[in-house]
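User: I'm new to reading protein models and I'd like to understand the reasoning behind the labels. Can we go through them one by one?

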Amino acid sequence: MNQKTITKEGYATFVFKQTAYAKSQLYKLMDLFYQYLSPTNMRITPQEEKEQFIIEIKPVLLTESTQELVELLESVLISGKINKRTRGIYIDSDLEVVRVKVTSDLKEELQQKAKELGKKNVEELLLYAVQKL
């Protein structure tokens with residue numbers, strides 16, 4: 001299935017223990033994520049030392065909505081939100097937008113500072129600065 005790239009920012013993050021058991025919950029959820037998201041909208045990072053996988057997915061509406069699935073998702077969720085909706089389960093990142101208005105001169109200064117510090121953009125620079133407070 002060839003899904004479009006999801007442009008909504010952020011990821012919901014899940015952690016799964018590695019297992020060889022073919023009927024494990026990990027593989028059921030992975031299959032579900034592949035059906036709804038495709039690899040384009042997912043990041044899977046094995047952590048060998050902890051024998052686990054970190055799976056990050058773009059926000060998505062799963063049209064399946066069993067209580068068992070909600071509980072399973074919540075039990076392995078590290079960051080993000082799981083919301084039951086009438087049409088299914090919506091998995092979202094927990095990113096919020098904060099807007100700031102600045103003068104064009106200050107924006108230019110911030111862009112220069114971002115470049116000096118190796119940040120991709122002003123947003124990344126501001127996030128870095130706020131986290132250092």
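User: What is the bridge partner of Ala12 in β3?

Analyst: It's Ile57. Keep in mind that this is a predicted model. Ala12 belongs to β1 (residues 12–17), and that strand is joined to β3 (residues 52–57) by 6 bridges, running antiparallel.

User: Why do β1 and β3 count as paired strands?

Analyst: Pairing takes at least two bridges between the strands. There are 6 bridges between β1 and β3, so they count as a pair.

User: And what makes β1 and β5 a pair?

Analyst: β1 and β5 (residues 77–79) are joined by 2 bridges and run antiparallel. The rule asks for at least two, so this pair qualifies too. One of the matches is Thr13, whose bridge partner in β5 is Ser79.

User: Which strands form the open sheet that holds β1, and in what order?

Analyst: The order is β2-β3-β1-β5, with antiparallel pairing.

User: Why are β2 and β5 said to stand at the edges?

Analyst: Each has a single partner strand, so one side of each has no neighbour in the sheet. On average, neighbouring strands in this sheet are turned by 25 degrees against each other, direction ignored. For β2, the pairing with β3 is antiparallel, over 6 bridges, and Met42 stands opposite Ile57 there.

User: What about the sheet with β4, β7 and β6?

Analyst: That's an open sheet of 3 strands in the order β4-β7-β6, again antiparallel. Its edge strands are β4 (60–62) and β6 (81–85), each pairing on one side only. β6 pairs with β7 (residues 88–92) over 5 bridges, and Asn83 stands opposite Tyr90 in β7.

User: Where does helix α1 pack on that sheet?

Analyst: α1 (residues 25–37) touches β4 and β7, and its direction makes about 115 degrees with that of β4. α1 also lies across β1, β2 and β3, running at about 25 degrees to β3.

User: How do you know what span to expect for α1?

Analyst: Take 1.5 Å times one less than the number of residues. α1 has 13 residues, and the expected span is 18 Å. From its first C-alpha to its last, α1 reaches 18 Å, close to what's expected.

User: Which residues of α1 are buried, and how do you know they share a side?

Analyst: Buried here means under 20% relative accessible area. The residues of α1 that are buried are Leu26, Leu29, Met30, Leu32, Phe33, Tyr36 and Leu37. They cover an arc of only 165 degrees around the axis, which is why they're on the same side of α1. They pack against β1, β2 (42–47), β3, β4, α2 (67–76) and β7.

User: Why is Thr40 called partly exposed?

Analyst: Its relative accessible area is 47%. Buried would be under 20% and exposed over 50%, so Thr40 falls in between and is partly exposed. Thr40 is found in the loop between α1 and β2.

User: Which residues touch the most other members of the largest nonpolar core?

Analyst: Of its 23 residues, those are Phe14, Leu29, Phe33, Ile57, Leu62, Leu73 and Ile91. α1 gives the most to this core, with 7 residues.

User: What is Ile91 in contact with?

Analyst: Contact means heavy atoms within 4.5 Å. Leaving aside neighbours within four places in sequence, the contacts of Ile91 include Ala12, Phe14, Phe33, Ile57 and Leu73.

Note on methods:
Residues are numbered from 1 along each chain as its sequence is written. This is a predicted model: local features need pLDDT of at least 70, side-chain atom pairs count only at pLDDT 80 or more; totals for chains, interfaces and linings use all residues. Side-chain values use heavy atoms; hydrogens and water are left out. Helices (H or I, at least four residues) and strands (E, at least two) are DSSP runs, numbered from the N terminus. Axes are lines fitted to C-alpha atoms, for helices over the stretch in contact, and angles run from 0 to 180 degrees between N-to-C directions. Buried means under 20% relative accessible area, exposed over 50%, partly exposed in between (1.4 Å probe, protein chains only). The arc is that of the directions from the helix axis to the C-beta atoms. A nonpolar core is a set of buried Ala, Val, Leu, Ile, Met, Phe, Trp, Tyr and Cys residues joined through side-chain atoms within 4.5 Å.
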